[in-house]
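Thanks for coming. I will take a few minutes to walk through one structure, beginning with a detail and then widening out.

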Amino acid sequence: MGKCDGRVTLVAICSLQLMAALQRQVFDFLGYQWAPILANFLHIMAVILGIFGTVQFRSRYLILYAVWLVLWVGWNSFIICFYLEVGHLSQDRDFLMTFNTSLHRSWWMEHGPGCLVTPVLDSRIAPDDHHVITVSGCLLDYQYIEVLSAALQVLLALFGFVYACYLSKVFQDDEDSFDFIGGFESYGYQPPQKTSHLQLQPLYTAG
């Protein structure tokens with residue numbers, strides 16, 4: 001019963017992870033955030049692998065899923081530090097999310113709740129293919145939206161990691177018990193046959 005409940009819970013967690021990752025992927029595409037797009041794609045593949053491992057009782061797939069979740073927590077922790085500009089990280093200097101190929105920021109910078117975007121005309125600091133804008137009136141700045149999104153990913157990953165480790169251990173124990181039960185057959189073991197206690201006596205006939 002506990003194993004069944006754990007499988008259902010992990011599938012539910014993976015489903016939430018999948019929905020959150022797809023939602024995040026859409027907005028990262030709109031904001032030309034190439035590094036998060038690549039990370040989201042790998043995460044989606046790992047979550048699908050975790051669902052398959054849970055449904056098909058594959059402990060190795062769950063172990064791979066759990067290992068990826070450790071990397072995923074590290075990546076989202078970096079995103080949190082990046083948008084909060086922890087240490088020497090700076091959004092104005094480091095364009096890591098776009099692989100330094102453009103000056104694009106998060107899609108939420110211009111489309112956040114309550115944000116009012118005003119273009120700055122005749123700006124001399126803008127490159128030829130960019131324009132300068134001012135954003136005001138946001139109910140929640142885009143940095144905090146990105147931080148909340150990353151924090152949600154970390155929370156789901158922690159729950160997924162715990163259940164993936166638990167179920168992989170349960171599946172491995174089941175595999176070991178099955179190997180033990182079927183071990184005699186694999187070595188061609190034959191059970192001892194019952195022998196009759198009756199002894200055959202030679203029959204003599206008169207010639």
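F57 is partly exposed, with a relative accessible area of 35%. That value counts as partly exposed because the class runs between buried, under 20%, and exposed, over 50%. Please keep in mind that this is a predicted model. F57 sits in the loop that joins α2 to α3, the latter being residues 59–83. Its backbone deserves a look too: F57 is not a glycine, yet its phi is positive, at about 60°. As background, most residues other than glycine have a negative phi.

Where else does a positive phi turn up in a residue that is not a glycine? Y32 has one, at about 55°. Y32 belongs to the loop between α1, residues 2–30, and α2, residues 34–55. Y32 is also partly exposed, at 39% relative accessible area.

Y32 leads to the surface. It is one of the residues of a nonpolar patch of about 880 Å², whose other members include F29, W34, F41 and F99. Which element gives the most to that patch? It is α2, with six residues. F29, for its part, comes from helix α1. With a relative accessibility of 45%, F29 is partly exposed. For the protein chain as a whole, the exposed area is about 13900 Å², and carbon and sulfur atoms supply 66% of that.

Now the overall layout. The protein chain has six helices and two strands. In sequence order the pattern reads α-α-α-α-β-β-α-α, so look for the two strands after the fourth helix, given that elements are numbered from the N terminus. There are 207 residues, and 31% of them count as buried. Among contacts with a separation of 6 or more, 67% are between residues 24 or more positions apart.

There is also a database record to set beside this. An unreviewed UniProt entry annotates residues 34–55, 62–86 and 147–167 as "transmembrane region". In the model, residues 62–86 are 88% helix and 0% strand, and the C-alpha atoms at the two ends lie 33 Å apart. Residues 147–167 are 100% helix and 0% strand, with 30 Å between the end C-alpha atoms.

One residue in helix α3 is worth stopping at, and that is N76. Is N76 buried or exposed? N76 counts as buried, because its relative accessibility is 0% and the class takes in anything under 20%. Leaving aside residues up to four places away in sequence, N76 touches R24, A150, Q153 and V154.

Last, the aromatic rings. How many aromatic pairs does a search of the whole structure find? The search finds 11. One of them is F82 with Y83, an edge-to-face pair with 5.3 Å from centre to centre and 85° between the planes. The pair is called edge-to-face because its angle is over 60 degrees. Both F82 and Y83 are buried. These two also belong to a cluster linked by ring pairs, together with W75, F78 and Y142.

To recap, I started in a loop with F57 and its positive phi, passed by the nonpolar patch that includes Y32, and ended at the ring cluster that includes F82 and Y83. That is the end of my part.

Conventions. Residues numbered from 1 in each chain as written. Predicted model: local features only at pLDDT ≥ 70, side-chain atom pairs only at ≥ 80, totals over all residues. Heavy atoms only, no water. Helix = DSSP H or I, 4+ residues; strand = E, 2+ residues; numbered from the N terminus. Buried < 20%, exposed > 50% of the residue type's maximum accessible area, 1.4 Å probe, protein only. Contact = heavy atoms within 4.5 Å. Areas by Shrake-Rupley, 256 points an atom, 1.4 Å probe, with all protein chains shown as cover. Phe/Tyr/Trp six-rings, centres within 6.5 Å; stacked < 30°, edge-to-face > 60°. UniProt positions renumbered as here; feature names shortened; annotations may be inferred. Patch = residues over 30% accessible without salt bridge, like charges linked within 9 Å, V, L, I, M, F, W, Y side chains within 5 Å. Salt bridge = Lys/Arg side-chain N within 4 Å of Asp/Glu carboxyl O.
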